[in-house]
Protein chains: 2
Amino acid sequence: MDVARLAGVSQSAVSRTFTEGASVSPKTRAKVMKAADELGYGPSIIPRIMLTHRSSLIAIVSGGLYNPFYASVVEALAQAIQKSGSNVMFFSVNHGEYIDEIIPDILGYRVDGIISALSIVSPEAAERCAKMHTPVVLFNNKLSNEWVASICSDNVEGGRQIASLFLKRGGKRFAYIGGKKGNLASEDRFAGYLAGLMREGVTDVAVTYGDFRHDEGYEAARKLLAAKRPPDAIFCANDLMALGAMEAAKAAGLRIPEDVLIAGFDDIPAASWPSFDLTTIRQDGDAMIRRAMDLLSKMIDGEQLAGNSLHLIAAPLVERGSTARAVPAG
Amino acid sequence: MDVARLAGVSQSAVSRTFTEGASVSPKTRAKVMKAADELGYGPSIIPRIMLTHRSSLIAIVSGGLYNPFYASVVEALAQAIQKSGSNVMFFSVNHGEYIDEIIPDILGYRVDGIISALSIVSPEAAERCAKMHTPVVLFNNKLSNEWVASICSDNVEGGRQIASLFLKRGGKRFAYIGGKKGNLASEDRFAGYLAGLMREGVTDVAVTYGDFRHDEGYEAARKLLAAKRPPDAIFCANDLMALGAMEAAKAAGLRIPEDVLIAGFDDIPAASWPSFDLTTIRQDGDAMIRRAMDLLSKMIDGEQLAGNSLHLIAAPLVERGSTARAVPAG
DNA sequence: GGCAATATTGCATTGCTATGCAAAAAAGGT
DNA sequence: ACCTTTTTTGCATAGCAATGCAATATTGCC
């Protein structure tokens, strides 16, 4: 190697200079450092990966960063990973897409683990990872095997809580604005909402979809509110759409919460801005990340998961002004 | 190798099976594939990196994803990189921090290039990268050498435009809410703003700082507006703070734009939501990304940059309701 | 069938760092 | 100065895929 030659020492000496706690004399280290500085050399971790079969790489698979919830989860995850001494590979995928095509890419880098924040993993892809003993943690998913764990907000319970709240606040005509059709989180939130409403005898819930985006939430709400018998309580699959729905309600001349109750899911920062003051279900991103890192590091250390590893994270109701209607007399 | 043994072929045959266009008989390929499937084998790109000195990795260094502008830039960048056949390493840093400490980490992975979205790179760190011939592209920075290019929105001109607009709309008492003190983008925007105002004889501009965050923008504006002689025109270093400032103005019972003009910078989606309708300067993220990818791929292909490589990207004014005051008589 | 042309396969090597082991050097003790 | 103990150093090797080259197998054609 160039540095070794320039410093007049062996390659081992160079390696030891850059290895914490290795046996090198200060003199040698100095010579090596000088040569390294001169050549702009720094050690490569690539051969280490080959030898140790540990890349110190964690893959984050995500997308939809227009949603502040995901953006902050990705950032906090990255920080947690870096703090743990690993580094992050980021794979961008679109909402709801299967990530099967990029799995070979990911595994090709011999990442130590994979955290998928929103994409769908097929059972075959999961099997593939399991065979390579590459642990996987999924957010808001329910798949699991010995190398795949899932961490899920309690979406059903969240939906149920919104239902109770709407009923308590005098909601009469209910609507739901979902994310993508078939999206697990969206469907679970709806399931809980519907169950909560049905328990009180409500049978009719207007359902539309809005792809999780603000503008689609606006549009969906606009249509709902323009109906002959418009809803007076709208639950949205996420906050971004709920904010859009609030805009639509205001544009239609409706007052919130007097004329229409609105609630979302996530508790993004904008939900608490005074202009919105949106009631929502808080997804505890920090708890999800803690749990994910914990599971991942255990699996990386060789600990297989016992059977069904599905972790439900509590998602508490955060009531704000958008549902603060006084209980009506009737 | 296990797969080769199981398939009863040589290691070369396995390699060729997974190499597009290599010479393998269908029979051999089938045997290899069967064995690979059985063992869950997929080729590693790690040895390839050692041989070719190309990792197909691009490092994105960023942070502050709470700002939708950065979140969307990071996501779009990642997509552009993946489309170009490379993959993304993501390094999270805090706003305004020097990234010098993580540069060795980044270079250790032998990334093909680095794109830094908001962190500051010291000249020494830049030199370090240059010595390894690792190209670097910086966003909203002005450093450059033969391996470092900078891509910068025209922040000064943006500030100037806001100044003209405020003057045209009858602003009398001006304020600026900056990001972090010393932040280049924030300072440049202020410099342009100040220059534009001074050209018309304005000498007095109230300046505070808000760390680029919504809540800090709120707080900064609240204080400004509570002063004895409150401003009637506030320019904020980014949209997030401008939205906070709007909230503060509303909370103080002021009408926008009648009582106070407010403008931001970035043109994040929320700026165009009806509740805000915020005048702003649009940062053309797509153009910045296109330029970045273009420069990066040229440098990766060995093309050194000619001298000063500082690229200014036009940042047009987007006027909306928050400055739509009719020209006052006086 | 026999020969040339083509296709397929295996061997051996490359790339760079970490590390066990043995050799060499330095330090410590009397 | 000599021997023991400790520290430092270099050698050699492993890890895995890609590839030039030579060897072998297959095909095509008369």
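This report looks at how chains A and B meet, and then at how they surround DNA strand C.

## About the model

This is a predicted model, in which local features need pLDDT of at least 70 and side-chain atom pairs count only at pLDDT 80 or more, while totals for chains, interfaces and linings use all residues. Residues are numbered from 1 along each chain as its sequence is written, chains are lettered from A and ligands numbered from 1 in the order in which they are written, and side-chain values use heavy atoms, with hydrogens and water left out.

## Where the two chains meet

Let's begin with the protein interface. Here 48 residues of chain A are in contact with 48 residues of chain B (contact means heavy atoms within 4.5 Å). Between them, about 4100 Å² is buried, with carbon and sulfur atoms giving 57%; buried area is the accessible area (1.4 Å probe) that two parts lose on being put together, summed over both. Three residues, A:Ile46, A:Tyr109 and A:Trp273, supply 17% of what chain A buries against chain B, more than any other three.

What does the polar side look like? There are 26 residue pairs in polar contact between chain A and chain B, both at pLDDT 80 or more. A polar contact is a pair of N or O atoms within 3.5 Å; within protein, one must be able to donate a hydrogen and the other to accept it, and residues adjacent in sequence count only if both atoms are side-chain atoms. Salt bridges between the two chains number 0 (a side-chain nitrogen of Lys or Arg within 4 Å of a carboxyl oxygen of Asp or Glu).

## A strand pair across the interface

Strand E2 (87–92) is among the elements giving two or more residues to the side of chain A that touches chain B, and E2(A) gives the most, with 6 residues. Helices and strands are DSSP runs (H or I, at least four residues; E, at least two), numbered from the N terminus.

E2(A) is joined by 3 bridges to strand E2 (residues 87–92) of chain B, and the two run antiparallel; strands pair if DSSP finds at least two bridges between them. In this pairing, A:Val88 stands opposite B:Phe90.

## Around DNA strand C

Now to the DNA. Strand C is surrounded by 27 residues, the closest being A:Ser15, B:Arg16, B:Ser25, B:Thr28 and B:His53 (near means that a heavy atom of the residue lies within 4 Å). Of the DNA atoms that come within 4 Å of the protein, 54% belong to sugar and phosphate.

Both backbone and bases are approached by polar side-chain atoms: one of A:Arg48 is 3.1 Å from a phosphate oxygen, whereas B:Ser12 and B:Arg16 each place one 2.8 Å from a base nitrogen.
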